[in-house]
Structure formats: C-alpha cells, structure tokens
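Subject: Structure handover and notes

Hello,

Here is the structure you will be working with. Please have it open while you read the notes under it.

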Amino acid sequence: MAELGKAGDPPNPAAVLHEPARLAAVDAVRAVDALTADTFTRSVDLAVRLLDTRMALISLAGADQQYIRGDNGRAVPWHGEQERVDWGFCSEVVVSGRPLAIDDIRCDSVHRADRAVAATGMRAYLGVPLLLEELPIGVLYVIDTRPRLWDPDQQHALEQLGVSVMSEIRLRLDAAEHSRLYARAAAAAVLEHRRSQQLQDLARASLRINAAPSLDYALQTVTEEARALVGTHQSVTSMTTNLRWTQAINAVSLSDKYGEYRFFDAPPAGEGIYVLVCKDNRPMRMTQDELEAHPAWRGFGSYAPVHPPMRGWLAVPLIATDGRNLGLIQLSDKTDGGEFTADDEAVLVQLAQLASASIEKAAALENQYEIARTLQSSLLPQQLPEHSAVSAASRYLPAAARAGVGGDWFDVIGLSGARVALVVGDVVGHGIHAAAAMGRLRTAVRTLADVDPTPEELLTRLDDLVSRQSAESGADDGADPARGGAADVGTTCLYAVYDPVTGRCALARAGHPAPIVVAPDGSADFLDLPSGPPLGVGGVPFETAEIEVPEGSLLAFYTDGLVESRQRDLEAGLEELRQVLTEPCDSLEALCDHVVKTLLPEPPADDAALLLARPHSLDETHVATWDIAAEPAEVARIRARTARLLASWGLEEIGFVTELVVSELVTNAIRYGQPPIQMRLIHDRTIICEVSDASSTAPHLHQARIFDEGGRGLMLVAQLTQRWGTRHARDGKTIWCELALPVEGAPVQGLSVAGLAGLEGLDGLEGLSVDGLLPPDSEQ
C-alpha cells in the first residue's frame with residue numbers, strides 16, 4: 001500500500017480503497033456496530049457542538065461503497081445505507097490520509113461540481129481521517145451550509161476528536177475480540193465436555209457390553225447404547241454368518257414413538273441397503289431424501305410396507321479382528337429432528353469397534369459353551385433309572401454362557417443285592433475340559449462301583465486316579481486347570497450306598513457339602529459326616545458313616561452352585577435349602593422345581609446339580625436269610641427251602657434254574673470257602689441270590705477241561721443268570737447273581753439235566769455235583 005500523507009507521487013485511489021488489510025479493518029469495525037453505535041453518536045454530537053456546525057457524521061469507506069454511521073443533522077437521511085464512495089469527499093480523505101478543509105465550495109473549482117454538494121447544500125467541509133492501526137478506514141467530518149473559514153485550532157480539535165473516537169473503537173474491538181475468544185473458548189469447552197462425556201459413555205458402554213452374559217445380551221446392549229449415544233428413536237444391531245440374513249441375530253431398541261413396532265421381527269431379505277454396508281465394510285450416512293432415492297433402501301421384500309418408517313439413516317459395520325464382517329449397527333430418526341452428522345458417524349464407528357471385539361468373543365464363547373453343554377449333557381444321565389430301593393428326581397442347571405459350563409454331575413447306580421449307589425460331584429473349572437473331566441470321573445465311579453467297594457474305598461481309589469492323572473498332565477509344573485492341565489484336582493464327591501434290606505445308608509465324602517435328610521415328620525437336618533479332603537489332594541483317609549434311613553425319609557444331594565451365589569453366602573444358602581426341603585410338595589419332581597425356582601431365580605454363575613432320593617425298604621416277606629453249615633448235606637436242604645420259598649412267591653416257573661444256581665453257589669462256598677456261611681434270597685425286580693463266607697479268596701471264571709471233575713460251576717451260573725459278581729467285605733466275600741423273573745404270557749422254557757450239556761462252554765456233565773441237582777426225596 002502506498003504511504004499516505006507524505007511527499008512524493010500521489011497515491012493510487014483504487015489501490016488504497018481495495019487494499020485487503022484496510023478492508024479487513026473496516027469489516028472489523030462494521031462487525032461491532034452494536035458496540036460502536038453509541039460512540040459514533042456521541043462523537044458527531046460533540047463535533048457539532050465543538051465546531052458549531054449544522055451537520056456532522058462518520059463515514060466508513062469500503063472498496064466501492066461507504067457506510068454512514070452516527071450522523072447528526074438532516075444532510076444524510078439515509079443513515080446506515082450504503083452509498084457510492086465517490087458520493088462525497090470521504091474517498092479523497094481516505095486515499096490521501098490527510099485532513100481536508102474547504103471554506104467555500106463555490107470558490108473551489110475542483111469540488112464545487114461534486115454530487116454531494118448539490119445533495120446536501122453544503123458550502124463548507126472539514127474532514128479528518130479515522131486511522132485504525134495506521135490504516136484509514138473512514139472519515140469524521142462536519143458540514144456547514146454557509147461559507148466559513150476553518151482555523152487551525154478547529155482542525156486540530158476535530159483531529160483530536162477523531163483520535164478519541166478511534167481509541168474508543170479500539171477498546172470496543174478489544175472487548176469484541178475478548179468476547180469472541182471467550183465464546184470460542186466456551187464453545188471449545190462445551191465441545192471438549194461433550195467429547196469427554198462421549199468417551200465416558202463409550203467406556204461405560206464398553207464395560208456393559210463386555211460384561212454381557214450371552215451373545216444375545218451383548219447385541220441388545222450394543223443396540224441400546226448406540227441409540228443413547230447418538231440420540232435416536234430407532235436402533236438395530238444385526239449379526240450375520242457369511243451374510244445369511246435369514247439366520248441373522250437381530251437386536252432392536254425403539255423409543256415410545258415406535259412402540260407399536262417393537263414386535264416386528266420380519267427378517268431382512270438380504271437384498272437391501274444393509275447388505276452394502278456389510279459387503280463393503282464401510283459406514284453409510286444418508287438423509288431421508290437420499291435414502292428414499294437409493295434403489296436398494298427397502299430390503300424387506302413383501303414386508304417393506306409394514307416396516308417402521310425411517311427418518312434419515314446411519315449404519316456402520318461390525319468387523320472381526322481378521323477383517324470379516326460380523327454384521328452392522330444402524331440408526332434412524334434422530335431425537336432432535338436433525339440429520340446425522342459426521343460426529344454422529346465417528347461416535348458410532350468407535351462404538352462398533354469396541355463392540356465388534358466383544359461380540360466376536362461372545363460368539364466364540366457361546367459356541368464353546370454350546371459344545372461344552374452338549375458334551376456335558378451327553379455325559380450326564382439322560383433319565384434316572386428306576387429302582388425298587390429308591391425313587392429319585394434330579395435337576396442340572398448349567399452356568400450362564402459367560403461363566404461357561406462346569407463339571408457338576410450326579411448318578412444313580414444299581415448295585416448287587418438290590419442296593420443303590422447315589423453319587424454327586426463337582427469338578428473344578430469351567431468349559432470343555434471341565435465337562436470332559438466330569439465324564440472321566442463319572443465313568444470311573446461307575447467302573448469302580450461294579451466291584452462293589454465300600455464308599456471310603458471307592459473315594460480312595462478315585463483319589464488315586466485323580467492324583468495319577470494330575471501327575472501325568474503336568475499339574476506339578478503349573479498347568480492351567482482351565483486348559484485341562486489338572487482339571488480333576490480339587491474335585492469334590494459324595495458317594496452313598498443304600499441297602500433296602502437293612503434300611504441303612506453308608507456314605508463318604510471328599511470335600512463335598514453334606515447331604516440333607518428330611519425325616520418322615522418333615523423336619524430336615526444336615527448329616528454329620530466326616531468331610532475328607534477333595535480328590536487329588538491325598539494324605540488324608542476317607543471315612544464311611546452309616547445311618548439308618550426310616551421309611552418315608554428323603555435324602556437331598558447337591559453341589560455348591562445351588563446354594564452359593566454373589567447375592568448369598570454359603571451358610572445362608574444352605575439354610576434356605578434346608579427350609580425349602582421341609583415344604584410339602586406333590587412329588588419329587590415338583591419339589592425339585594420348587595427348590596430350583598426358590599434358590600436360583602436367575603441363571604446361576606456356577607453349575608448347580610440337585611439329586612433327591614426317597615429310599616424304600618424291601619418287604620420282609622421278600623427277603624430270606626439262612627445260615628449254612630459247612631457240610632455237603634446242606635446243599636439239598638437249602639435247595640428244598642429255596643423251592644418252597646419260590647413257591648410262596650409264586651415263582652415256580654423259574655424254580656429249577658434257581659435251585660441249580662443256588663446249589664452251585666452253596667457247593668462252592670462249602671468246598672472252597674470258610675465258615676460262617678450265609679445265604680440270602682431277595683425277591684425284587686429280579687431274584688437275587690447271595691452266598692457269603694469268611695474267605696477273602698474270590699473265584700474266577702475259567703474254561704474247565706474235559707476230564708476235570710470241577711470248575712464248571714461259575715460257568716453254569718454265568719450262563720443261567722443275568723448278572724453275577726463278587727463283593728468283598730471287611731471279613732470275607734459275597735458271591736451274588738440275579739435271575740430274571742418270568743414274563744407274564746411268555747412260554748415257560750424248560751431246563752433238564754440232559755439239556756445242560758447244550759449250554760455254551762459246557763462239554764459234559766461228569767464234573768457236575770449231581771447230588772445237589774436232584775430233589776431231596778429222589779434217588780441218586
């Protein structure tokens with residue numbers, strides 16, 4: 001810009017008037033009109049009084065127009081309107097940067113033809129430039145309709161007034177700048193607060209999503225958080241597998257505005273705009289007009305007419321860690337009625353990034369949970385077997401998917417002598433490995449139960465098994481139980497054997513909660529049993545306790561997941577279970593449901609198992625026990641008593657076979673066992689024959705040679721019975737077998753001594769104790 005007010009070439013008017021810095025200064029003053037109006041008015045009033053003129057005004061010079069401010073007098077009736085810069089003398093003062101004084105315009109050949117002269121009737125003019133940062137932005141001038149001589153003092157006074165005006169203007173500009181800075185800072189603070197709040201909301205949403213106990217809950221949480229973060233009336237989250245929309249899992253969140261659509265569950269057709277977001281894995285944001293103009297915006301086929309209306313649309317993809325598309329989050333109809341913004345999109349993208357990892361993890365956990373639950377379900381009893389000794393009912397509740405399937409199990413096992421084993425256990429850990437460990441232990445318990453050990457012996461052998469498996473799997477090296485290292489170690493188990501003949505129950509436990517016994521009068525209490533260490537700990541022996549169970553009693557076995565939770569400690573849970581078991585119910589099944597509903601109103605954080613058993617003693621008339629002398633003649637006597645007993649039971653049809661089996665077992669006990677010898681016959685679902693002696697030597701099945709005089713007895717017993725076996729006691733052993741009862745309506749299958757030769761594995765009859773086969777009154 002050319003220097004103003006100095007000697008040299010005159011400045012170029014166009015260059016001065018269009019100089020950018022000067023115009024910016026003019027615009028700055030004009031921007032604070034509201035703050036400067038009083039200043040300009042006071043200044044022109046003071047100029048009129050100070051110089052005793054008819055009119056005074058202030059003109060701000062733009063590039064092509066001037067802006068009249070603070071006029072005093074009738075000369076400028078167009079206050080505030082823009083006029084051409086050349087309409088008056090302002091441009092000359094602004095361009096020169098110096099005061100302009102005209103005593104009598106009619107004597108001034110240069111200015112007397114100016115249009116302003118004719119318009120205002122002026123005869124005298126005095127104007128001084130207004131400088132802002134040394135830039136001329138306008139003119140303060142006075143006009144008189146009479147000629148007058150402007151003396152230097154008057155010019156100086158007007159110049160000082162102009163300086164004063166600009167000083168006040170600078171104060172106003174500084175105040176405006178401060179206000180702008182404050183407003184900018186306040187806006188930045190508001191924005192920062194909003195972003196901080198969004199970060200807090202995102203963090204809270206992330207915690208909620210990560211804490212979701214299932215995939216469905218996670219998707220629903222994402223949907224609700226998305227609607228709250230952006231502020232919309234509609235939100236939908238969809239999870240697909242390879243873009244199969246018919247199998248999509250959809251979660252919906254709607255405000256009351258769309259309450260009537262809350263049950264709209266028609267699946268997308270997979271041909272609409274949703275698919276584009278998932279295929280391209282990129283966000284999409286559209287106004288309502290853009291959405292309706294899109295050729296694929298309706299993706300519900302025939303359901304499109306009844307789909308909830310849309311009001312703008314924002315959708316972002318859910319992307320897995322490997323880049324696969326998991327689905328999308330979509331929003332519509334903002335609560336403030338506006339369009340979706342880039343900030344809305346950025347917030348939703350951040351939420352989707354947080355949610356994708358959680359959803360992917362939840363889906364993987366759910367898949368693993370389903371595998372573990374299927375495995376565990378296949379390993380648990382599908383239904384409890386029927387036994388004369390007990391009526392039983394059970395419930396198993398797997399933990400929530402987030403916790404994972406545990407290793408709780410129960411079983412009811414039929415034993416020899418009409419006895420029943422009741423088992424409940426709890427494997428530490430969760431997941432597939434815990435379910436597999438449960439399967440191993442349940443199989444081991446069933447295998448061990450076949451040899452009929454006492455409860456303490458069974459737990460001891462089970463403890464050895466767990467310790468061996470722990471050592472083999474590297475538990476001593478810090479293996480992770482959750483990964484299958486030593487998943488069995490720390491397992492608890494309770495094993496009980498109920499004998500319906502004696503009405504007594506023998507129990508032993510390895511770190512497991514004590515069972516509850518409900519007496520026939522309805523009172524309930526915990527059994528005082530030696531606890532014993534959990535399995536795999538070792539070093540402490542297990543103990544068996546034996547109790548009498550009156551007819552009409554109830555035994556309750558359970559795992560700690562039933563009685564312990566975050567909302568209730570173990571002691572309170574045990575007491576609540578004891579109280580619930582005393583409440584009358586129509587059946588064991590109903591009582592199971594009542595217990596579960598009362599103690600576990602919500603899905604448990606840990607697996608829970610419940611086994612209720614009501615023992616039944618056998619009728620005394622269905623049991624016979626005889627002492628046997630160690631003499632061969634006893635065989636015929638016992639055979640005769642057996643025949644009479646079977647007749648009293650109405651089982652003559654199986655008399656010959658039963659007598660044959662009894663003869664062989666008694667003969668073996670007399671020949672190879674040690675007194676005292678005892679025999680017991682039980683009429684249950686089968687005919688059970690038990691022969692006990694004081695010898696601990698167990699017989700075994702083998703193939704007899706042709707000329708052997710013995711060795712075929714057990715082979716005969718095995719061929720003629722359903723099951724047979726040996727169980728050991730503290731003093732001696734018991735050989736037992738079970739014979740099937742005759743089927744009503746079935747033909748009677750006769751068996752004779754001659755027919756015995758046809759039995760598999762028997763080559764002749766030379767070695768048979770024929771004296772034991774014939775009736776006592778027949779000839780040998």
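The notes below go from the whole chain to strands, then a helix pair, then salt bridges.

Overall

Please keep in mind that this is a predicted model. The protein has 780 residues, and 48% of them count as buried. Its secondary structure comprises 17 helices and 26 strands. If you take the contacts between residues at least 6 apart in sequence, 66% of them join residues at least 24 apart.

Strand β1 and its partner

Strand β1 covers residues 55–61, and seven of its seven residues are buried. The burial applies to both faces of the strand. On one side are Met55, Leu57, Ser59 and Ala61, and on the other are Ala56, Ile58 and Leu60. β1 runs antiparallel to strand β6 (residues 135–144), and six bridges join the two. To find the pairing on screen, look for serine 59, which stands opposite valine 139 in β6.

Strands β9, β10 and β11

Strand β10 (residues 313–319) is also mostly covered, with six of its seven residues buried. β10 has an antiparallel pairing with strand β9 (residues 284–286), made by three bridges. Arginine 285 has leucine 314 in β10 as its bridge partner.

β10 is also joined to strand β11 (residues 325–334), again antiparallel, by six bridges. Here leucine 318 is partnered with glycine 327 in β11. β10 and β11 form a hairpin with five residues between the strands. Within that hairpin, glycine 323 takes a positive phi near 90°.

The five-strand sheet

There is an open sheet of five strands, in the order β13-β14-β15-β16-β19, and the pairing is antiparallel. The edges are β13 (407–414) and β19 (545–548); each has a single partner strand, so one side of each has no neighbour in the sheet. From one strand to the next, the twist averages 15°. Inside this sheet, strand β15 (residues 492–499) and strand β16 (residues 504–510) are antiparallel and joined by six bridges. Tyrosine 498 has cysteine 505 in β16 as its bridge partner.

Helices α13 and α14

Helix α13 (residues 570–581) and helix α14 (residues 588–599) have axes that come within 10 Å of each other and cross at roughly 145°. The crossing of α13 past α14 is right-handed. On the α13 side, the residues that meet α14 are Gly573, Glu576, Leu577, Val580 and Leu581. The α14 side supplies Leu591, His594, Val595, Thr598 and Leu599. By class, the residues of this contact are six nonpolar, three polar and one charged.

Salt bridges

Side chains of opposite charge can pair when their charged atoms come close. With a cut-off of 4 Å from nitrogen to carboxyl oxygen, the count comes to 32 salt bridges. Three of them are described here.

Helix α13 also holds a salt bridge, between arginine 578 and glutamate 575, with 2.8 Å from N to O. The two residues are three apart in the helix, about one turn. Arginine 578 has 19% relative accessibility and therefore counts as buried, the limit being under 20%. Glutamate 575, at 33%, counts as partly exposed. Elsewhere, Asp201, Arg204, Arg208, Glu224 and Glu225 are joined into one network by salt bridges that share partners.

Aspartate 144 forms a salt bridge with arginine 148, and their closest N and O atoms are 3.2 Å apart. Aspartate 144 counts as buried because its relative accessibility is 1%.

The third pair is lysine 334 with aspartate 336, at 3.8 Å from N to O. Which of these two side chains is buried, and which is exposed? Lysine 334 counts as buried because its relative accessibility is 8%. Aspartate 336 has 56% and therefore counts as exposed, the limit for that class being over 50%.

For a look through the model, one route is to begin at serine 59 opposite valine 139, go on to glycine 323 in the hairpin of β10 and β11, and finish at arginine 578 and glutamate 575 in helix α13.

Regards

Note on methods
Residues numbered from 1 in each chain as written. Predicted model: local features only at pLDDT ≥ 70, side-chain atom pairs only at ≥ 80, totals over all residues. Heavy atoms only, no water. Axes fitted to C-alpha atoms, helices over the stretch in contact; angles between N-to-C directions. Helix = DSSP H or I, 4+ residues; strand = E, 2+ residues; numbered from the N terminus. Left-handed = near helix turned anticlockwise from the far one by under 90°. Contact = heavy atoms within 4.5 Å. Nonpolar A, V, L, I, M, F, W, Y, C, P; charged D, E, K, R; others polar. Salt bridge = Lys/Arg side-chain N within 4 Å of Asp/Glu carboxyl O. Buried < 20%, exposed > 50% of the residue type's maximum accessible area, 1.4 Å probe, protein only. Pairing = 2+ DSSP bridges.
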